[in-house]
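Dear colleague,

I am passing on the structure we spoke of, with the sequence alongside, and below it you will find what came out of going through the computed values. Please keep both open while you read.

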Amino acid sequence: MPPVPDLSVAVGEKLKPLARKWFGAFGIDIVRLHRGGSAPIVGSFPPHAEYSIIGRPENYYIHDNYQHRNEAVYYRDTGNTDQWQLEIYKFAREVLDQKGLRHVCDIGCGSAYKLMKYFADCHTVGLDVAKTCKWLRKKYPNRIWEELDFNTVPVIQADMVIAADVIEHLVNPDELMSYITALRPQYVVFSTPDRNLLLAGTHNGPPCNPAHMREWSFAEFEAYVDDRFEVLEHFISNSRQCTQCVLCAPPRAE
């Protein structure tokens, strides 16, 4: 006679995602602990003396001997809502209201769920790959969706540009920086993982996430952004998701 399945286990597994989502709405994270009472520590972490070290500009300010990924797996975001970068869009909205801005450009907007949730009353432009833009035009036909092409900058008004967890996916992030500069925004909000906060640390690379080309430490990312923009704020926006956020502006005229 075959063993009788434990229905309580099956029901529990189905309830876990619902519980995580419900508690997450209140800022509470459900963490699975191993039998020893703590999660395993794996990966390569930097010595304390190296937390503030930055690399050369030609290496995107990441320290020498870091292994960048040669090719990344494409990650399609249309199935997501606000599981990631929620606080980035909330912060961007606070800045927008404080500065009296109205035009928002979201680079790598994905499902555009957060863009529509927090900026539906603004003039918005979402930029992403062609397939995603086609999907977005059907879902939000009254909004502007443009294919992201670093060789062609659209003629749009962009008071604020948001690039939430985009830069780590790019083969050449300098193209993104030049593209944003050409849009001539008043403010830019970046986010990307802080490599040194990740549980499975990859201090010397490549990233554990196959969709990431590279990941910056806090010090490295500030140096990289500061090379093109004036950094106004830089902080850890979500420690559970290892997210660092930068608010910046075009450099002031000398």
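Cys-109 is buried, with a relative accessible area of 5%, and this holds for a predicted model. The sulfur of Cys-109 has its closest cysteine sulfur in Cys-133, at 6.2 Å, and because a disulfide requires the two sulfur atoms to lie within 2.5 Å, that separation is too far for a bond. Cys-208, by contrast in its surroundings, is exposed, with a relative accessible area of 53%. The count of disulfides by this rule is zero.

As for the chain as a whole, its 254 residues include 42% that are buried, and its secondary structure consists of six helices and nine strands. Among the contacts with a separation of 6 or more, 67% are made by residues that stand 24 or more positions apart in the chain. The area that the chain exposes comes to about 14,600 Å², of which carbon and sulfur atoms supply 55%.

What space is there inside? One cavity of 30 Å³ or more was counted, and the largest cavity holds about 40 Å³. Its lining is formed by Glu-50, Ile-53, His-63, Arg-195, Asn-196, His-203, Ser-217 and Glu-220, so that by class the lining of the largest cavity has one nonpolar, four polar and three charged residues.

With best regards

Conventions: Residues numbered from 1 in each chain as written. Predicted model: local features only at pLDDT ≥ 70, side-chain atom pairs only at ≥ 80, totals over all residues. Heavy atoms only, no water. Helix = DSSP H or I, 4+ residues; strand = E, 2+ residues; numbered from the N terminus. Buried < 20%, exposed > 50% of the residue type's maximum accessible area, 1.4 Å probe, protein only. Contact = heavy atoms within 4.5 Å. Areas by Shrake-Rupley, 256 points an atom, 1.4 Å probe, with all protein chains shown as cover. 1 Å grid on protein atoms, 1.4 Å probe; cavity = no way out; pocket = protein on both sides within 12 Å on 5 of 7 lines; lining within 4 Å. Points joined across faces, edges and corners; volume = space filled by probe spheres on them.
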